[in-house]
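Here is a set of questions and answers for a reader who is meeting this structure for the first time. Please look at the sequence and the model together before reading on.

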Amino acid sequence: MTDQSLLLDTCAVIWLSQGVEVSDAATEAIAEARKSGDGGVRVSVMTAWELGMLVAKGRLPASLPADRWFEQFVRVGGVRVETVTPSILVASSFLPGTVHGDPMDRIIMATAREHGLTILTRDRGILSYSAAGYVRAIAC
């Protein structure tokens with residue numbers, strides 16, 4: 001695999017933090033991205049919001065408050081938080097092709113396109129968008 005920075009989808013963050021087994025391709029991609037140094041594995045700041053919403057709605061049990069849980073995942077995992085800029089937000093409104101309808105996933109896809117990142121996900125909509133050639137993704 002080539003040296004490629006990754007953007008973890010929210011589902012990938014949840015599974016990795018809980019020790020859920022991921023695909024061999026995902027494991028290899030994470031190892032390669034970490035070798036590249038600081039910033040090889042990234043997460044969108046929007047993932048913090050999604051995690052907070054999941055915890056608030058009782059859909060994700062957490063032993064820590066959601067913000068501390070997210071900060072700990074970032075710190076312990078050596079993950080870089082990717083900010084969302086106005087240009088990314090606007091780009092998420094104008095993604096080419098048939099696009100996933102979830103606004104947070106659109107922002108994650110636009111972030112990946114803006115920074116040349118590969119998304120690590122199990123989300124079928126993102127994986128289909130990748131198969132159409134609009135964004136790079138690896139199924140985890």
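The questions below go through the sheet, the helices and the side-chain pairs.

The model is predicted, so local features need pLDDT of at least 70 and side-chain atom pairs count only at pLDDT 80 or more, while totals for chains, interfaces and linings use all residues. Residues are numbered from 1 along each chain as its sequence is written, and side-chain values use heavy atoms, with hydrogens and water left out.

Q: In what order do the five strands of the open sheet lie?
A: Strands here are DSSP runs of E with at least two residues, and helices are runs of H or I with at least four, numbered from the N terminus. Two strands count as paired if DSSP finds at least two bridges between them. The pairing in this open sheet of five strands is parallel, and the order is 3-2-1-4-5.

Q: Which strands stand at the edges of the sheet?
A: A strand at the edge has a single partner strand, so one of its sides is left without a neighbour in the sheet. This applies to strand 3 (80–82) and strand 5 (136–139).

Q: By what angle are neighbouring strands of this sheet turned against each other on average?
A: Axes are lines fitted to C-alpha atoms, for helices over the stretch in contact, and angles between N-to-C directions run from 0 to 180 degrees. For neighbouring strands of this sheet the direction is ignored, and the average is 35°.

Q: Which residue of strand 3 stands opposite V43?
A: Strand 1 and strand 2 pair in the parallel sense over three bridges, and there V43 in strand 2 is the bridge partner of L8. Strand 2 is also joined to strand 3 by three bridges, again running parallel. In strand 3, the residue opposite V43 is V81.

Q: What is the bridge partner of I119 in strand 5?
A: Strand 4 (residues 118–121) pairs with strand 5 in the parallel sense, over four bridges. Within strand 5, the partner of I119 is A137.

Q: At about what angle does helix 1 run to strand 1?
A: Contact means heavy atoms within 4.5 Å. Helix 1 (residues 10–17) lies across strand 1 (6–8), strand 2 (41–44) and strand 4, and its angle to strand 1 is about 80°.

Q: Which residues does T47 contact, leaving aside its neighbours within four places in sequence?
A: T47 has its place in helix 3 (residues 45–56). Its relative accessible area is 0%, so T47 is buried, a word that means under 20%, with exposed over 50% and partly exposed in between (1.4 Å probe, protein chains only). Beyond those neighbours, T47 is in contact with L8, T10, V13, F70 and I108.

Q: Which residues form the salt-bridge network that includes E82?
A: A salt bridge is a side-chain nitrogen of Lys or Arg within 4 Å of a carboxyl oxygen of Asp or Glu. R42 and E82 form one, with the closest N and O atoms 2.9 Å apart, and since R42 lies in strand 2 and E82 in strand 3, the pair ties together parts that are 40 residues apart in sequence. R80 also meets E82 in a salt bridge, at 3.6 Å from N to O. Salt bridges with shared partners thus join into one network R42, R80 and E82.

Q: How far apart are the closest N and O atoms of K35 and E32?
A: These two residues are three residues apart in helix 2 (residues 24–35), and are therefore separated by about one helical turn. K35 is exposed, with a relative accessible area of 65%, whereas E32 counts as partly exposed at 22%. In their salt bridge, the closest N and O atoms are apart by 3.3 Å.

Q: Which two residues make up the one aromatic pair?
A: Rings of Phe, Tyr and Trp (its six-membered ring) pair if their centres lie within 6.5 Å, and planes under 30 degrees apart count as stacked, over 60 as edge-to-face and the rest as tilted. A search of the whole structure finds one aromatic pair. Its ring centres are 4.9 Å apart and its planes stand at 25°, so the pair is stacked, and its members are Y129 and Y134.
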